[in-house]
Amino acid sequence: MSDFKDKTDAPDNSSDSGFADLEIRCIDCGNDFVWTSGEQEFFRDKGLKHEPKRCRDCKKAKNDRIEAASKFSASSKIEVAVNCDQCGSETTVPFFPSQGRPVLCRSCFLKSR
């Protein structure tokens with residue numbers, strides 16, 4: 001007996017491939033997006049087992065973040081210009097600041113220790 005669903009059992013809103021468009025909620029932005037029957041067929045043909053978790057915009061943003069992070073290896077030095085959250089002076093830090101976390105200049109950092 002075959003594990004594949006017969007196309008005659010497919011719902012009425014499906015395409016000729018036997019897949020129906022699905023609405024999925026993006027795990028990043030929370031908006032709903034449509035995973036079309038053509039995209040589902042593509043996933044099946046490529047052997048992909050899981051449905052997408054992110055909408056196109058969030059997937060692109062994630063890939064851009066990964067690409068930017070991969071350009072900086074542990075051996076390369078970076079300097080990011082920031083303003084100290086405590087005294088307001090302009091300084092540079094050797095890392096990419098995390099959103100929502102305070103960034104201190106060297107003197108304020110040493111005072112806080």
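**Reading a predicted chain: confidence, burial and pockets**

Modeller: In this predicted model, confidence in the chain is lowest in helix H2 (residues 56–70), with a mean of 87, and highest in strand S2 (residues 32–35), at 96. Confidence here is pLDDT, given by the predictor for each residue from 0 to 100; helices (H or I, at least four residues) and strands (E, at least two) are DSSP runs, numbered from the N terminus. Local features need pLDDT of at least 70, side-chain atom pairs count only at pLDDT 80 or more, and totals for chains, interfaces and linings use all residues. Residues are numbered from 1 along each chain as its sequence is written, and side-chain values use heavy atoms, with hydrogens and water left out.

Biologist: Over which residues does pLDDT stay under 50?

Modeller: That holds for residues 1–15. Where pLDDT is low, the predicted coordinates should not be read in detail.

Biologist: Why is Thr 91 called buried?

Modeller: Buried means under 20% relative accessible area, exposed over 50%, and partly exposed in between (1.4 Å probe, protein chains only). Thr 91 has a value of 19%, and is therefore buried. Thr 91 belongs to strand S4 (residues 90–93).

Biologist: What makes residues in the lining of the second largest pocket count as nonpolar or charged?

Modeller: Ala, Val, Leu, Ile, Met, Phe, Trp, Tyr, Cys and Pro count as nonpolar, Asp, Glu, Lys and Arg as charged, and the others, Gly among them, as polar. The lining includes Phe 33, Trp 35, Glu 39 and Arg 54. By that rule the lining divides into 6 nonpolar, no polar and 5 charged residues.

Terms used:
Contact means heavy atoms within 4.5 Å. On a 1 Å grid over the protein atoms alone, a cavity is a set of points where a 1.4 Å probe fits but cannot get out, and a pocket is an open set with protein on both sides within 12 Å along at least five of seven lines; lining residues have an atom within 4 Å of a point.
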